[in-house]
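Biologist: Hey, got a minute to walk me through this model? I'd like to start with the strands and then move on to the pockets.

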Amino acid sequence: MVVSNLTQAVGFFNYLLVLANRLPGDAATHRPPQRHRTRRPRVDTDGRMPAGMSGLDRDIGHLSVPSVRMPGMMTPIHADGFEQVALCRDEETGLRSVVVIHDTTLGPALGGVRMHAYPDEDAAVVDGLWLAEAMTLKAAAAGLGLGGGWSIMIEAAELIVADTDPRRADAVAARHGARVVAPEAAPAVACDVLAPCGLGSVVTDQTLPWLECRIIVGGANNVLATPAHAAMLQARGILYAPDFCVNAGDLIFLEEQLLGHDSAHAEARVRQVGVRVAEVLDRSRRTGVSTADAATELARARLRP
Ligand SMILES: NC(=O)c1ccc[n+]([C@@H]2O[C@H](COP(=O)([O-])OP(=O)(O)OC[C@H]3O[C@@H](n4cnc5c(N)ncnc54)[C@H](O)[C@@H]3O)[C@@H](O)[C@H]2O)c1
Ligand SMILES: CC(C)[C@H](N)C(=O)O
């Protein structure tokens with residue numbers, strides 16, 4: 001995700017929709033509204049329904065308040081039955097977005113903002129079209145003086161991989177479209193999430209000054225060279241998810257096998273890993289201790305007689 005400030009980003013979308021409402025045919029292609037559509041919207045860009053929409057998307061605001069920010073580049077897209085559709089790119093933030101005005105017969109378009117990691121821009125456009133049209137119908141059915149619109153924020157994630165075995169790194173890169181870097185360069189890569197999943201001792205006195213990530217969460221045991229490195233990460237503002245909380249899945253699964261539980265029971269317990277990690281992060285936030293210390297305190301509390 002390249003947007004540093006979500007509020008600013010939502011404001012940017014608000015501005016785009018308000019702008020599109022005000023500038024018929026200027027910022028985007030204007031088409032006469034076509035009501036009572038029953039067929040799927042057609043887009044010029046080989047539209048497909050987005051894959052994997054369930055649970056991953058977030059609707060993060062409404063389009064109602066104009067922002068003072070100016071949009072970057074807006075490219076009009078023709079879509080049958082839609083008044084205006086534009087693909088937008090903000091150079092400053094790298095943000096890509098879609099703004100859709102479906103129908104303003106009854107009033108100005110009002111809709112939401114959805115943030116989602118779409119497989120491509122076409123999928124984002126198609127999702128925006130469906131959502132905007134739904135808003136038109138919702139407003140009309142409710143007897144409101146509003147039209148339908150929607151704005152989409154396209155989340156982009158880049159995967160970078162490293163492995164001491166180059167064949168393994170290449171295989172993962174080919175399968176997931178990732179970029180390969182040398183293992184010794186991996187800790188210094190600028191990224192949101194650094195996931196050490198090979199050997200431990202990734203955070204050391206030597207690597208610490210070079211780390212350019214926001215979060216460290218990985219499967220390897222003993223990611224920190226020493227317990228003291230937890231506080232150093234905290235001082236650098238890097239969130240560390242303690243390894244022995246994060247990577248407990250295999251151990252949980254093994255105990256489940258020993259206890260003779262079925263796989264559904266085991267999976268349910270493994271899924272609790274996220275809950276435990278959230279508890280640890282919350283304890284760290286509340287008390288000010290490092291996340292590693294918070295996790296150790298929780299574990300030791302169970303060991304006390
Ligand atoms: N497998 C599990 O269920 C499990 C559970 C908890 C913790 N862990 C820990 O996770 C780590 C990996 O375990 P695994 O089972 O996935 O092992 P694995 O051998 O299947 O995979 C490790 C991978 O890391 C690569 N590697 C080794 N050193 C590296 C380095 N310095 N830089 C980049 N890549 C490197 C190896 O080439 C290999 O591809 C270990 O620390 C292990 O103790 C594993
Ligand atoms: C040893 C086993 C349980 C697993 N690899 C772990 O470290 O959790």
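Biologist: So, in the open sheet of 3 strands, what order do the strands come in?
Modeller: Keep in mind that this is a predicted model. The order is E10-E11-E12, and the pairing is parallel.

Biologist: Which strands are the edge ones?
Modeller: Those are E10 and E12, the latter covering 239–240, and each of them pairs on one side only.

Biologist: And over how many bridges do E10 and E11 pair?
Modeller: Over 3 bridges, in the parallel sense, with E11 made of residues 213–216. To pick out one residue, Leu 194 has Ile 216 in E11 as its bridge partner.

Biologist: OK, pockets now. How much space lies in the largest pocket?
Modeller: About 1,200 Å³. It is lined by 33 residues, and the closest to its centre are Ile 160, Ala 162, Ala 186, Leu 194 and Ala 195.

Biologist: Leu 194 again! Which elements give two or more residues to that lining?
Modeller: Strand E8 (160–161), helix H3 (166–176) and strand E10 (191–194). E10 gives the most, with 4 residues. So you've met E10 twice: as an edge strand of the sheet, and here in the lining of the largest pocket.

Biologist: How does the lining divide into nonpolar, polar and charged?
Modeller: There are 23 nonpolar residues, 5 polar and 5 charged.

Biologist: What about the second largest pocket, how much space is in there?
Modeller: About 780 Å³. Its lining has 19 residues, and Phe 244, Ala 248, Ile 252, Arg 276 and Arg 302 are the closest to the centre.

Biologist: Which elements give two or more residues there?
Modeller: Four helices show up: H5 (243–246), H6 (249–258), H7 (263–287) and H8 (291–303). H7 gives the most, with 6 residues. By class, this lining has 10 nonpolar, 3 polar and 6 charged residues.

Biologist: Switching topic: which residues are around ligand 2?
Modeller: Asn 221, Asp 250, Leu 251 and Leu 254. By class, that shell has 2 nonpolar residues, 1 polar and 1 charged.

Biologist: How far is the polar side-chain atom of Asn 221 from an oxygen atom of the ligand?
Modeller: The two atoms lie 3.0 Å apart.

Biologist: Last one: what percentage of ligand 2's accessible area does the protein cover?
Modeller: On its own, ligand 2 has 260 Å² of accessible area, and the protein covers 51% of that.

Key: Residues numbered from 1 in each chain as written. Chains lettered and ligands numbered in written order. Predicted model: local features only at pLDDT ≥ 70, side-chain atom pairs only at ≥ 80, totals over all residues. Heavy atoms only, no water. 1 Å grid on protein atoms, 1.4 Å probe; cavity = no way out; pocket = protein on both sides within 12 Å on 5 of 7 lines; lining within 4 Å. Points joined across faces, edges and corners; volume = space filled by probe spheres on them. Nonpolar A, V, L, I, M, F, W, Y, C, P; charged D, E, K, R; others polar. Near = heavy atom within 4 Å. Polar contact = N/O pair within 3.5 Å; in protein donor to acceptor, adjacent residues only side chain to side chain. Areas by Shrake-Rupley, 256 points an atom, 1.4 Å probe, with all protein chains shown as cover. Pairing = 2+ DSSP bridges.
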